[in-house]
Amino acid sequence: MKKIAVWKNRLNGISFVCPHSSYIANLDYSIKHTRTLLVLAKKNIDGNILERYEISIAPKRQAEIKRLFFYVLERR
């Protein structure tokens with residue numbers, strides 16, 4: 001099993017962030033952002049949400065996640 005640091009190096013695109021030391025999230029799947037929470041969703045072809053994933057954001061990463069969340073949102 002590879003450590004998360006290995007995956008962070010392999011998934012170095014702008015959409016991939018580490019909101020918490022235990023997670024790597026793809027912001028292309030984000031549907032909501034608060035100061036302390038990032039919500040990702042898996043949607044079907046019609047845009048209906050099939051699954052939701054809530055990931056807490058570490059305090060030291062909140063500003064970075066907010067900046068990247070809005071950057072990725074602009075690209076959509």
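**Charges.** I started with where the charges sit in this predicted model. I get 15 positive and 6 negative charges in the protein chain, and their mean positions lie 9 Å apart.

**Surface.** Next I looked up the exposed area, which comes to about 5600 Å² for the protein chain. Carbon and sulfur atoms supply 52% of that area. As for the inside, I noted that 29% of the 76 residues count as buried.

**Elements.** I then walked along the protein chain from the N terminus and wrote down α-β-β-β-β-β-α. That is two helices and five strands.

**Size.** How does the radius of gyration of the protein chain sit against that of a compact globule? I find 12 Å for the chain, and a compact globule of 76 residues would be near 11 Å, so the two agree. Along the principal axes, I put the C-alpha atoms in a box of roughly 35 × 30 × 20 Å.

**Contacts.** I kept to contacts between residues at least 6 apart in sequence, and 35% of these join residues at least 24 apart.

**Aromatics.** I went looking for ring pairs and came away with one aromatic pair. The partners are F69 and F70, with ring centres 5.3 Å apart. Stacked or edge-to-face? The planes stand at 80°, and over 60 counts as edge-to-face, so I logged the pair as edge-to-face.

I also checked how covered each of the two is. F69 has 8% relative accessibility, which is under 20%, so I put F69 down as buried. F70 has 40%, between the 20% and 50% cut-offs, so F70 goes in as partly exposed.

Notes: Residues are numbered from 1 along each chain as its sequence is written. This is a predicted model: local features need pLDDT of at least 70, side-chain atom pairs count only at pLDDT 80 or more; totals for chains, interfaces and linings use all residues. Side-chain values use heavy atoms; hydrogens and water are left out. Helices (H or I, at least four residues) and strands (E, at least two) are DSSP runs, numbered from the N terminus. The radius of gyration is taken over C-alpha atoms; the globule rule is 2.2 Å times the number of residues to the power 0.38. Buried means under 20% relative accessible area, exposed over 50%, partly exposed in between (1.4 Å probe, protein chains only). Contact means heavy atoms within 4.5 Å. Accessible areas come from the Shrake-Rupley method with a 1.4 Å probe; for residues, only the protein chains shown count as cover. Lys and Arg count as positive and Asp and Glu as negative; His and the chain ends are not counted. The place of a charge is taken as NZ of Lys, CZ of Arg, CG of Asp or CD of Glu. Rings of Phe, Tyr and Trp (its six-membered ring) pair if their centres lie within 6.5 Å; planes under 30 degrees apart count as stacked, over 60 as edge-to-face and the rest as tilted.
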